[in-house]
Amino acid sequence: MKNNVELNIDLIIEEYSHYVFTVVYNIAGDTLSYHDIEEIIADTFYLFWKNQNKIQTNMKSYLSTIARNCTYNRLKQNKQEIEYDDQILNNQGYQEYEFDQMLIIEEKIQQLTDQEKEIFHLYYIEGYKIREIAKMKKQKINNLKIKLYRIRKKLRRKE
């Protein structure tokens with residue numbers, strides 16, 4: 001978004017505030033007060049506005065990432081247990097992780113090669129489809145699927 005004219009933050013807040021609330025509430029649940037959730041939402045939009053020139057992904061994905069990080073930070077400050085929904089490491093769907101376990105996952109992600117991290121980030125964080133990533137990386141779709149499978153396998157491995 002570096003080439004765009006400064007974003008109209010009022011329109012963005014109006015359009016995405018419910019979405020950001022949902023992201024925050026899905027992570028925090030009833031562990032935070034409504035006032036805390038409102039502060040996190042305000043912080044999310046402030047950080048979004050402050051860093052608008054650095055945005056290199058779609059707006060919704062970027063807002064989601066900021067909201068998630070702000071929520072984890074607030075929960076950490078409040079020393080609450082954090083539930084972390086990570087379907088990447090769990091083939092059966094939803095599994096709860098405490099904050100310490102989430103840090104282990106993040107540590108495992110850091111052990112991936114740069115290429116693996118990039119593919120992981122594009123697919124799981126930015127939400128690109130396999131076909132889009134394959135086109136960007138000039139790779140065959142099946143090769144990319146195999147790489148994603150191997151990345152998930154590395155992350156599941158207990159070491």
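Of the 159 residues of the chain, 37% count as buried in this predicted model. The chain contains seven helices and zero strands, and, when followed along the sequence, its elements are arranged in the pattern α-α-α-α-α-α-α. Among the contacts between residues at least 6 apart in sequence, 56% join residues that are at least 24 apart. Two helix pairs, a set of salt bridges and two individual residues are described below.

The first pair to be considered consists of helix H1, which spans residues 9-28, and helix H3, which spans residues 59-77; the two pack at an angle of about 45 degrees, and their axes are 9 Å apart. H1 is therefore oblique to H3, an angle counting as roughly parallel when under 35 degrees and as roughly perpendicular from 65 to 115. The crossing of H1 and H3 is right-handed. On the H1 side, the contact is formed by Ile12, Tyr16, Tyr19, Val20, Val23, Val24, Ile27 and Ala28, and these residues meet Met59, Lys60, Leu63, Ser64, Ala67, Arg68, Thr71, Tyr72 and Leu75 of H3. Divided by class, the residues in the contact of H1 with H3 comprise 13 nonpolar, two polar and two charged.

Helix H3 also contains Thr65, which counts as partly exposed because its relative accessibility is 22%, and the buried class is confined to values under 20%. Thr65 and Thr44 are separated by 21 residues in sequence, and the distance between their C-alpha atoms is 9.1 Å.

A second pair is formed by H5 and H7, whose axes come within 10 Å and cross at roughly 100 degrees. H5 is therefore roughly perpendicular to H7, since angles of 65 to 115 degrees fall in that class. From H5, the contact draws on Gln115, Glu116, Ile119, Phe120, Tyr123 and Tyr124, while H7 contributes Leu144, Lys147, Leu148, Ile151, Arg152, Lys154 and Leu155. The residues of this contact of H5 with H7 divide into eight nonpolar, one polar and four charged.

Side chains of opposite charge can pair when their charged atoms come close. In the present model the count comes to four salt bridges. One of the four involves Asp36 and Arg74, whose closest N and O atoms are 3.1 Å apart. This pair links distant parts of the chain, Asp36 lying in helix H2 (residues 34-50) and Arg74 in helix H3, with their positions 38 residues apart in the numbering. Both Asp36 and Arg74 are buried. Arg74 is placed in the buried class because its relative accessible area is 11%, where the class requires a value under 20%.

Arg74 takes part in a further salt bridge, in which its side chain meets that of Glu39, with an N to O distance of 3.1 Å. Here too the pair links distant parts of the chain, with Glu39 in helix H2 and Arg74 in helix H3, 35 residues apart. Glu39 has a relative accessibility of 31% and so counts as partly exposed, in contrast to its buried partner Arg74.

A salt bridge is likewise found between Lys154 and Glu116, with the closest N and O atoms 2.7 Å apart. Distant parts of the chain are again linked, since Lys154 belongs to helix H7 (residues 141-156) and Glu116 to helix H5 (residues 114-125), the two being 38 residues apart. Lys154 and Glu116 are also listed among the residues that form the contact of H5 with H7. Lys154, at 30% relative accessibility, counts as partly exposed, whereas Glu116, with a relative accessible area of 14%, is buried. With regard to shared partners, salt bridges join Asp36, Glu39 and Arg74 into one network.

The backbone at Lys138 also deserves mention. Most residues other than glycine have a negative phi. Lys138, although it is not a glycine, has a positive phi of about 55 degrees. Lys138 lies in the loop between helix H6 (130-137) and H7, and, because its relative accessibility is 76%, it counts as exposed, the cut-off for that class being over 50%.

Technical notes:
Residues numbered from 1 in each chain as written. Predicted model: local features only at pLDDT ≥ 70, side-chain atom pairs only at ≥ 80, totals over all residues. Heavy atoms only, no water. Axes fitted to C-alpha atoms, helices over the stretch in contact; angles between N-to-C directions. Helix = DSSP H or I, 4+ residues; strand = E, 2+ residues; numbered from the N terminus. Parallel < 35°, antiparallel > 145°, perpendicular 65-115°, else oblique. Left-handed = near helix turned anticlockwise from the far one by under 90°. Contact = heavy atoms within 4.5 Å. Nonpolar A, V, L, I, M, F, W, Y, C, P; charged D, E, K, R; others polar. Buried < 20%, exposed > 50% of the residue type's maximum accessible area, 1.4 Å probe, protein only.
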